[in-house]
Amino acid sequence: MSYLIETKNITKRFGGLVAVDKMSFGVKEGEVVAVLGDNGAGKSTLIKMISGVYTADGGSVFYNGSEAIIHTPMDALAMGIETIYQDLALAENLNVYSNIFLGREKTKKKFGIFPVLDHEFMYDESTKILNKLDVKIPSLKNNVRTLSGGQRQAVAISRSIYWNAKVLIMDEPTAALGVAQQKQVLDLVNSLKDHGIAIILISHQMRDVFAVADRIIVMRRGMKVGDLIKKETSTEEVVNLIVGSEMVS
Amino acid sequence: MTKSINSLIEESKLLKTVARNWAFCFLLSFIILFSFTGKGFLSIVNFQNIIHLSVIAVLMATAETFVIISGGIDLSIGFVMGLSSVTAGKIIQIMFNSGNYSPAVSILTGAVIALALSLFPGLLSGIMIAKYKVPPFIATLGMWGITNGIALKICKGFPVAMLPDNLTEIGNGYTLYLKSGKGISFFGLPDGVGNDQIRSYLRLIPNSFIFLLIILVVLWHLLKNTKFGQHTYAIGGNEDAAVRSGIDVQKHIIKIYVLSSFIAGIAGVFNVFQTGIGNFTTFGAMYELFAVAAVVIGGASLMGGKGRIFASVTGVFLIAVLENGLLISGVEPFYRFIAVGLLLILAIVIDKLFPDLF
């Protein structure tokens, strides 16, 4: 099976610094690929080029076999490439369903002319998607500020799934969570996999990565230094690749 | 201690409503208080006066509400209003006194051009803030000076006078004129009744009130029920999230400053209708600061993401009633500054103690 999303020789420079250097990798449908690397290895820059926050200086992104032009986050979203950032990108002052529909609010015509927000529709649809993913949230009319870290993560994921994510990029999804909530999120990742979604997981947590990933990509100083099948590798091998000690030994 | 109060408020729906609308409760208690202390305070005439004299402050506060919710601040609105006022005044003056145009045509042309002109200060501040990342405080402070200078240049430092008389009939008129035994008349005294007899008529519902209500309902709708409003809150709450969810944040911020400037322009044109002359804004007027104060008293946060139109209006009337009531009660006028200052501090303290209320 060919890759659903693929980068070929993608490069990003910030002045003299090469943040991502000719990086090539791909993810298939229903596959979880973890991207690992130390701080500053270029993981975030890599995913930001796929999600349209940064424009690549060289190389290209392929989606479903054809070259994808991604200049803005909207371009990526339109293709079904959704990103969940570490800070979740939720507006804490808005309620749950407003966040799920943020930027793509559903409107209806009042008196046949004035477009107004269709709160009922957004509320109902949000309830459906949260139920489908088995997420429990006290009230969708509560501000996101009042939710726990795991609930926020679930809201962010639900938002992506509702908008028909084909590729889901997750940046440190479990970093700020308690143990029970971490498990919830990992379960959620596994169920997304069953829905045939290609997932790119960025994480520091070796345990999480080994719990859900199918393949592991290791980055160091902007370059890919390892592309491993999870079942055929070990924590030590991955750690060695991350810190670069296999060069020494 | 605050924790227990917080949980207490959380449990009781009534308490929560009261706490959320503390400014409104304050307004009611002030009205009750001044009804006892000030002779003539509790009367239709006085309340209509308060509303009539607050129109400009209310417009300023609604303009500032949008900007503050988005996480910015607009210091230029006071002088944009002055610019709009002298521009409208000047055009009306020239056209009317040339003798070639009827008062109606002159007034309409002046108003439309002034309103159109008032879009530009906001457009410029908006572009500076959104595209060039100039802090809103600085960008609008620049516009504060520029608009004031242009306004003074246009009017040469004097109010623009010699305008048609009908102007103030519109701006200061009432919807209903009543006299027992003589019936009612709409929008003006009955035919054949001179202005000298105007005091014998009971005048109800100032035109300015209707005008204000229409604008407020439109702006309230815009903020509460539309994508524009939703995105304004989102940008104030988390600009990054707004960008990433595909909102064109730069364009939206420009729109917000244009809107704010335009509302100030409306205030300027209305000012001409109300006073019958084109007024430049004096340095001591501080419209923008009173607007910010009213918005914050209404529960908005200068950090952005919070605020409601009618809460800001409540803030304006709280200040207005306080000033009017203290005056009528015979308190020295200096105290009003102290009172407004205390209210402002109280608003911030309440916001900090109960962040989840609003």
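**A sheet in chain A and a helix pair in chain B**

Let's start with one residue pair: Ala34(A) has Leu201(A), in β10(A), as its bridge partner. This is a predicted model, so keep that in mind as you look around. Zoom out a little from that pair, and you see strand β3 (residues 32-37) of chain A running parallel to strand β10 (residues 198-202) of chain A, with four bridges joining them.

Those strands belong to an open, six-stranded sheet in chain A, where the order is β6-β9-β10-β3-β11-β12 and the pairing is mixed. At the edges stand β6 (81-84) and β12 (223-229) of chain A; each has a single partner strand, so one side of each is left without a neighbour in the sheet. Going from one strand to the next, the twist averages 20°.

Now for the helices on this sheet. Helix α6 (residues 179-194) of chain A packs on it, touching β3, β9 (167-171) and β10 of chain A, and its direction makes about 150° with that of β10(A). Helix α8 (residues 235-243) of chain A also packs on the sheet; this helix touches β3, β11 (215-220) and β12 of chain A, at about 25° to the direction of β11(A).

Over in chain B, have a look at helices α7 (residues 119-130) and α8 (residues 136-155), whose axes come within 9 Å and cross at roughly 150°. Angles over 145 degrees count as roughly antiparallel, so that is how α7(B) lies relative to α8(B). The crossing is right-handed. Where they meet, α7(B) brings Pro121(B), Leu124(B), Ser125(B), Met128(B) and Ile129(B), while α8(B) brings Pro136(B), Ala139(B), Thr140(B), Met143(B) and Thr147(B). Sort the residues of that contact and you get seven nonpolar, three polar and no charged.

Note on methods. Residues are numbered from 1 along each chain as its sequence is written. Chains are lettered from A and ligands numbered from 1 in the order in which they are written. This is a predicted model: local features need pLDDT of at least 70, side-chain atom pairs count only at pLDDT 80 or more; totals for chains, interfaces and linings use all residues. Axes are lines fitted to C-alpha atoms, for helices over the stretch in contact, and angles run from 0 to 180 degrees between N-to-C directions. Helices (H or I, at least four residues) and strands (E, at least two) are DSSP runs, numbered from the N terminus. Angles under 35 degrees count as roughly parallel, over 145 as roughly antiparallel, 65 to 115 as roughly perpendicular and the rest as oblique. A crossing is left-handed if the near helix is turned anticlockwise from the far one by less than a right angle, and right-handed if clockwise. Two residues are in contact if their C-beta atoms, placed from the backbone, lie within 7 Å. Ala, Val, Leu, Ile, Met, Phe, Trp, Tyr, Cys and Pro count as nonpolar, Asp, Glu, Lys and Arg as charged, and the others, Gly among them, as polar. Two strands pair if DSSP finds at least two bridges between them.
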